[in-house]
Amino acid sequence: MNVDGTPYRTIWLAEDGWAVEIIDQTRLPHEFIVARLETVEDAIVAIRDMLVRGAPLIGATAAYGMALAMRADPSDAGFASARQRLFDARPTAVNLRWALDEMAIVVNSASEDARCAAVYARAADISDEDVGICSSIGDHGATLIKAAWENKGQNDPVNILTHCNAGWLATVDWGTAIAPIYKAHDAGIPVHVWVDETRPRNQGASLTAWELLQHGVPHTLIVDNAGGHIMQHGMVDMCITGTDRTTRCGDVCNKIGTYLKALAAHDNGVPFYVGLPGPTIDWTLRDGVAEIPIEEREAGEVTHMTGRTGNGDIAEICLTADGVNAANFAFDVTPARLVTGLITERGVCAASEQGLSALYPDRAQERETA
Ligand code: MRU
């Protein structure tokens, strides 16, 4: 997508052909900074400290992180160590594990001499594949938005509520939940997006709103707690969110607060859709609430906030009295029964084992661990 008119992806190879460059998302929306990753450790820090975030982009960064690792040490021991350390960088997005499994296939079928080049090539493919996948999610989701517009009588925009950032910044390009919005907007369908600020890290306020602004999509930022109210008053036609991990039965694990939006949508008869690429499905799990480990991050993300002050400086402020105890659950699980449909690159399906297996018969054979 474009930043001030220049097309960007979120991750790419540097001009030297081996280092990896990313957009440092901790600096947006106030500064657009490109960061350079030269070692697997740099990639681990970028994932852990959320310079990159969003399930598909975490997967692509892990893939390139493995390429950097193989450049330094292509031995079996080097691969095993890098795989474990990358895996431990963040726990929820299953795309991370998927990308590392893809790398294992490449590494196991190449000699030590050939590994580095093969892993770089697979990382580039994973990035390109993600762009194609997200573009297709956009096409399938845009048909839902078009249908909602036609149902409304075509005079008003389709009002879509989204949570966190599942736009192009969360992927290599296009996004998952936001891709249908870009496609609909580009096709001339009037859309308006309600953007949840998404405490504590404010991915909605600082990333989604910035993306939509760059692309010229009408939007309004709201506090996280406003969703129920605007749904009660008929101001939301549909919700579309992303997911970091979806079980084979259609339970969806996404940014904390997604579940509350799904409950409010259910209570108000508002369709609740989730956009996801195939690699976000965890075929080993059934019950998301019981089985998906939820990342708990440091309490400082709840007690403090970073933003731009009146004189233009970027500063961190403390919201609480010293000594206040805070907990920071980063994700929650929305049960499949609250999800109207899953928007994938292969089409839209019911949030159920039947729905997913019909779209992914090739992957549904994967074994459950339970
Ligand atoms: O903690 P984050 O910012 O990595 O969380 C991201 C989300 O929750 C997104 O909605 C999810 O990764 C789907 S993005 C395509």
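Me: Which residue stands opposite Leu 161 in β9?
Reply: Start with the two strands in this predicted model. β6 covers residues 158-162 and β9 covers residues 238-241; they pair in the parallel sense over 2 bridges. Opposite Leu 161, on β9, stands Cys 239.

Me: What is the strand order of the sheet of 7 strands?
Reply: This sheet is open, and its pairing is mixed. Its edge strands, each pairing on one side only, are β8 (219-222) and β18 (347-349). From one strand to the next the twist averages 25°. The order reads β8-β7-β6-β9-β12-β17-β18.

Me: At about what angle does helix α7 run to β7?
Reply: Helix α7 spans residues 203-215. It lies across β6, β7 (191-196) and β8. Its angle to β7 is about 165°.

Me: Which strands does helix α9 touch?
Reply: Helix α9 is made of residues 258-267 and packs on the sheet. Its direction makes about 145° with that of β12 (272-275). The strands touched are β6, β7, β9 and β12.

Me: Which residue does a cis peptide bond join to Arg 199?
Reply: Look in the loop between β7 and α7, where Pro 200 lies. The omega of the cis bond is about 10°. The partner of Arg 199 in that bond is Pro 200.

Me: In which loop does Pro 29 lie?
Reply: Pro 29 is joined to Leu 28 by a cis peptide bond. Omega there is about 5°. The loop holding Pro 29 is the one between β4 and β5.

Me: Which are the edge strands of the sheet β3-β4-β5?
Reply: The sheet is open, with 3 strands in antiparallel pairing. An edge strand here pairs on one side only. Neighbouring strands are turned by 30° against each other on average, direction ignored. The edges are β3 (11-13) and β5 (34-37).

Me: Which helix packs on that sheet, touching β3, β4 and β5?
Reply: The helix covers residues 55-72. Its direction makes about 25° with that of β3. The name is helix α2.

Me: What is the bridge partner of Ile 22 in β5?
Reply: Strand β4 (residues 20-23) and β5 run antiparallel, joined by 4 bridges. On the β3 side, Ile 22 is the bridge partner of Ile 11. In β5, the partner is Ala 35.

Me: Which residue in the turn between β3 and β4 has a positive phi?
Reply: β3 and β4 pair in the antiparallel sense over 3 bridges. They form a hairpin with 6 residues between them. In the turn, a phi of about 85° belongs to Gly 17.

Me: How many residues lie between β14 and β15 in their hairpin?
Reply: β14 (residues 304-308) and β15 (residues 314-318) pair in the antiparallel sense over 5 bridges. Within that pairing, Met 305 stands opposite Ile 317. The turn includes Gly 312, with a positive phi of about 95°. The number of residues between the strands is 5.

Me: What is the phi of Asp 4 near?
Reply: Asp 4 is found in the loop between β1 and β2 (6-7). Its phi is positive, in a residue other than glycine. The value is near 50°.

Me: How far apart do the C-alpha centres of domain 1 and domain 2 lie?
Reply: Domain 1 covers 2-128 and domain 2 covers 137-369. In contact are 32 residues of domain 1 and 34 residues of domain 2. The distance between the C-alpha centres is 24 Å.

Me: Which three residues supply 22% of the area that domain 1 buries against domain 2?
Reply: The area buried between the domains is about 2,800 Å². Carbon and sulfur atoms give 57% of it. On the domain 1 side, no other three residues supply more than His 30, Arg 53 and Thr 92.

Me: How many residue pairs are in polar contact across the interface of domain 1 and domain 2?
Reply: The same interface has 2 salt bridges. β1 (2-3), α2 and α4 (94-108) each supply at least two residues of the domain 1 side that touches domain 2. The polar contact pairs number 13.

Me: What is the N to O distance in the salt bridge of Arg 90 and Glu 295?
Reply: A salt bridge here needs a nitrogen of Lys or Arg within 4 Å of a carboxyl oxygen of Asp or Glu. The side chains of Arg 90 and Glu 295 meet in one. The distance is 3.0 Å.

Notes
Residues are numbered from 1 along each chain as its sequence is written. This is a predicted model: local features need pLDDT of at least 70, side-chain atom pairs count only at pLDDT 80 or more; totals for chains, interfaces and linings use all residues. Side-chain values use heavy atoms; hydrogens and water are left out. Two strands pair if DSSP finds at least two bridges between them. Axes are lines fitted to C-alpha atoms, for helices over the stretch in contact, and angles run from 0 to 180 degrees between N-to-C directions. Contact means heavy atoms within 4.5 Å. Domain bounds come from an automatic or database domain assignment. Buried area is the accessible area (1.4 Å probe) that two parts lose on being put together, summed over both. A polar contact is a pair of N or O atoms within 3.5 Å; within protein, one must be able to donate a hydrogen and the other to accept it, and residues adjacent in sequence count only if both atoms are side-chain atoms.
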